[in-house]
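Notebook open, coffee poured. I want to look up what sits around the DNA and how the parts of the protein meet.

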There are 2 protein chains.
Amino acid sequence: MPGRVDDMLDQLRSAGRRVTAQRRAVLQALARLGCAQDVEAIHARARRIHPRVGLVTVYRTLEALVGEGVAQRVVLGDDRTRYELGQEHGHHHHLVCLSCGSVQRLDECHLESKRAGRRHGFTVTAHRLELLGYCAKCGVPA
Amino acid sequence: MPGRVDDMLDQLRSAGRRVTAQRRAVLQALARLGCAQDVEAIHARARRIHPRVGLVTVYRTLEALVGEGVAQRVVLGDDRTRYELGQEHGHHHHLVCLSCGSVQRLDECHLESKRAGRRHGFTVTAHRLELLGYCAKCGVPA
DNA sequence: CTGAGTGCAAACTTTTTGCACAATA
DNA sequence: TATTGTGCAAAAAGTTTGCACTCAG
């Protein structure tokens, strides 16, 4: 995971962007936090790595990372904007616990709806799927 | 569709809520607009039906309708909160055009991921699926 | 007539922008 | 050194809340 962060920093540099301590911190925060984290959490984690990271910089850095294809926005249905490393490669979905709000990654993708879209004259190029329910820890409420 | 609105108003009344001209207007706006509309659009449409509807009332009414199971929130990945009539019954997904932003309803649901969730110790009780791409009118960009 | 519902204004939350300063390449 | 990136403060945008007034039941 640390090597991966360096690779991404190189990618930024190659794209003509500058590598700063703040960006490194945001990237490391993303790498350590796992998927679908909101901006506040990313900011807090980044601060633990490098105290001089402002919230504004986190917003701007995330936008830059998305632009470079290093990170992506994730929308889960609550009102928070979330981000995670990786783009379409490493495609996955999320299991969102309705009880504790935890989010875990689901790598399988049994999706057969592309055809359905095409039947509507719609060309499906991407999709987003969230499974909502209760995680093993919480269990289903009575 | 007009009968359906009256039925929903009755449902509100039975639940001890009051039926006002504003609520009727919001409900009619939802019925006429189709699925996944944002609050601003609902407000504008409601105003055309009954000019004395404030934005705040639209927010509060939508919340009440969701609480009564008459309407539901829809999250599509842009930053807007959207609403539409109907709840889990009438389950459907959306085809979101990346070019014009139009949203159309997809009634089919070929979802086989519930099993996948269960394998993770996760009990799936609901899911959300958006297919992104290009509608027939827009076509796929070069 | 009594409490649920409404409108307005103000408060809040989240995200964006302007501008002077700092630091990378 | 030439810019890109940063921080702060302020502005926007979207949503919620307090309060007095209105109206459905």
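**Strand C.** I began with the surface near DNA strand C, which divides by class into five nonpolar, five polar and eight charged residues. For my own key: Ala, Val, Leu, Ile, Met, Phe, Trp, Tyr, Cys and Pro are nonpolar, Asp, Glu, Lys and Arg are charged, and the others, Gly among them, are polar.

A note on what I'm reading: this is a predicted model, where local features need pLDDT of at least 70 and side-chain atom pairs count only at pLDDT 80 or more, while totals for chains, interfaces and linings use all residues. Residues are numbered from 1 along each chain as its sequence is written, chains are lettered from A and ligands numbered from 1 in the order in which they are written, and side-chain values use heavy atoms, with hydrogens and water left out.

Which residues come closest to strand C? I get Arg18(A), Tyr59(A), Arg18(B), Arg52(B) and Thr57(B), out of 18 that surround the strand. "Near" here means that a heavy atom of the residue lies within 4 Å of the strand. Of the strand C atoms within 4 Å of the protein, 65% are sugar or phosphate and the rest belong to bases.

I then went through the polar contacts (pairs of N or O atoms within 3.5 Å; within protein, one must be able to donate a hydrogen and the other to accept it, and residues adjacent in sequence count only if both atoms are side-chain atoms). On the base side, Arg60(B) has a side-chain N or O atom 2.9 Å from a base nitrogen of strand C. On the phosphate side, a polar backbone atom of Gly54(B) is 3.0 Å from a phosphate oxygen, and a polar side-chain atom of Arg13(A) is 3.5 Å from one.

I checked which elements give at least two residues each to this surface: α4 of chain A, plus α2 (21–33) and α4 of chain B. Helices are DSSP runs of H or I, at least four residues long, and strands are E runs of at least two, numbered from the N terminus.

**Strand D.** Next I turned to DNA strand D, with 18 residues around it; Arg18(A), Arg23(A), Arg52(A), Thr57(A) and Tyr59(B) come nearest. Sugar and phosphate make up 69% of the strand D atoms within 4 Å of the protein.

Arg18(A) puts a polar side-chain atom 2.6 Å from a base oxygen of strand D. Arg60(A) has one 2.9 Å from a base nitrogen. For Arg13(B), a side-chain N or O atom is 3.5 Å from a phosphate oxygen. The elements giving two or more residues here are α2 (21–33) and α4 (55–67) of chain A, with α4 (55–67) of chain B.

**Salt bridges.** I found six over all chains, taking a Lys or Arg side-chain nitrogen within 4 Å of an Asp or Glu carboxyl oxygen. In one, Asp10(A) pairs with Arg13(A), closest N and O atoms 3.4 Å apart. Both lie in helix α1 (residues 2–14) of chain A, three residues apart, about one turn of the helix.

**Domains of chain A.** The assignment (automatic or database) gives domain 1 (2–87) and domain 2 (91–133). Seven residues of each are in contact with the other domain (heavy atoms within 4.5 Å). How much area do they bury between them? I noted about 560 Å², 64% of it on carbon and sulfur atoms; that's accessible area (1.4 Å probe) lost on putting the two parts together, summed over both. In domain 1, Cys35(A), Val75(A) and Leu76(A) lose the most, together 69% of what that side buries. I counted zero salt bridges between the two domains.
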